[in-house]
Amino acid sequence: ATTSNRPPLPTALGRYLFVHSPPRLLQLATAGSLAIETLAPVCMLLFRGSGESATAMRIGAAACLVLMNLSIMATGSFGYVNLLSAVLCLTSMHAQDLPSNERLSGPWSVWGAMGWEERKATAVAAAAAAATA
């Protein structure tokens with residue numbers, strides 16, 4: 001594999017938002033992303049219990065991180081780092097946090113037949129394979 005020293009390239013959406021957004025909005029977006037990147041992992045680590053509030057905090061923190069990574073992917077070409085970060089949010093979940101196997105059908109039935117640890121390992125392996133391809 002060859003490496004490149006090129007900087008990340010903004011997408012058309014990223015260029016449009018940079019040119020047409022007021023500077024204050026860009027500052028708020030930067031502050032928001034820094035807050036999410038700082039607080040969400042702490043919430044996922046602190047709320048490891050199986051209670052209802054711990055589950056809600058864990059899912060909320062993971063959702064914030066995934067949405068932030070999706071917005072970064074939509075506005076710039078930063079390779080696979082954001083994809084891996086989003087997939088790693090799965091490791092903060094417990095089996096009871098996600099949909100039950102009965103709701104999975106069609107091609108997802110294979111995924112439903114797996115145990116939760118197998119699901120996490122498969123998702124991380126798939127992201128790693130995509131990153132090295």
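## Cysteines without bonds

A search of the whole structure turns up zero disulfides. C64 belongs to none. The nearest cysteine sulfur to that of C64 is the one in C43, 8.6 Å away. A disulfide is a covalent bond between the sulfur atoms of two cysteines. C89 has no partner either, because its sulfur lies 9.8 Å from the closest cysteine sulfur, in C64, and that is too far for a bond.

Are C64 and C89 buried or partly exposed? C64 has a relative accessibility of 37%, so it counts as partly exposed. C89 has just 6%, so it counts as buried.

## Confidence in the model

This is a predicted model. The mean pLDDT of the protein is 78. Of its residues, 73% reach 70 or more.

Where is confidence highest, and where is it lowest? Helix 2 has the highest mean, at 92. Helix 5, residues 109-113, has the lowest, at 55. Where pLDDT is low, the predicted coordinates should not be read in detail.

## Overall layout

The protein has six helices and two strands. Read from the N terminus, the order of elements is β-α-α-α-β-α-α-α.

The protein has 133 residues, and 21% of them are buried. About 9,100 Å² of surface is exposed. Carbon and sulfur atoms supply 69% of that area. Now take the contacts with a separation of 6 or more: 58% of them join residues 24 or more positions apart.

## The largest nonpolar core

Which residues make up the largest nonpolar core? There are nine: A40, C43, M44, A61, A62, L65, M68, C89 and M93. Helix 2 (23-46) and helix 3 (52-75) each supply at least two of them. Helix 3 gives the largest share, four residues. In soluble globular proteins, nonpolar side chains tend to be buried together.

M68 is one of the core residues. Leaving aside neighbours within four places in sequence, M68 is in contact with S33, I36 and E37. C89, with its 6% relative accessibility, is another member of this core.

## I59 and M44

I59 lies in helix 3. Its relative accessibility is 37%, so I59 counts as partly exposed. I59 and M44 are 15 residues apart in sequence. In space, their C-alpha atoms are 8.3 Å apart. M44 itself is part of the largest nonpolar core.

## S21, between two helices

S21 is found in the loop between helix 1 (12-20) and helix 2. Why does S21 count as buried? Its relative accessibility is 14%, and buried means under 20%.

What does the side chain of S21 reach? It reaches the backbone oxygen of L17, at 2.6 Å. S21 also touches Y16 and L26, with residues up to four places away in sequence not counted.

## A126 and L84

A126 lies in helix 6, residues 116-132. It is partly exposed, with a relative accessible area of 46%. How far apart are A126 and L84 in sequence and in space? They are 42 residues apart in sequence. From C-alpha to C-alpha, the distance between A126 and L84 is 9.6 Å.

How values were computed: Residues are numbered from 1 along each chain as its sequence is written. This is a predicted model: local features need pLDDT of at least 70, side-chain atom pairs count only at pLDDT 80 or more; totals for chains, interfaces and linings use all residues. Side-chain values use heavy atoms; hydrogens and water are left out. A nonpolar core is a set of buried Ala, Val, Leu, Ile, Met, Phe, Trp, Tyr and Cys residues joined through side-chain atoms within 4.5 Å. Buried means under 20% relative accessible area, exposed over 50%, partly exposed in between (1.4 Å probe, protein chains only). Contact means heavy atoms within 4.5 Å. pLDDT is the predictor's confidence in each residue, from 0 to 100. A polar contact is a pair of N or O atoms within 3.5 Å; within protein, one must be able to donate a hydrogen and the other to accept it, and residues adjacent in sequence count only if both atoms are side-chain atoms. Accessible areas come from the Shrake-Rupley method with a 1.4 Å probe; for residues, only the protein chains shown count as cover. A disulfide is a pair of cysteine sulfur atoms within 2.5 Å.
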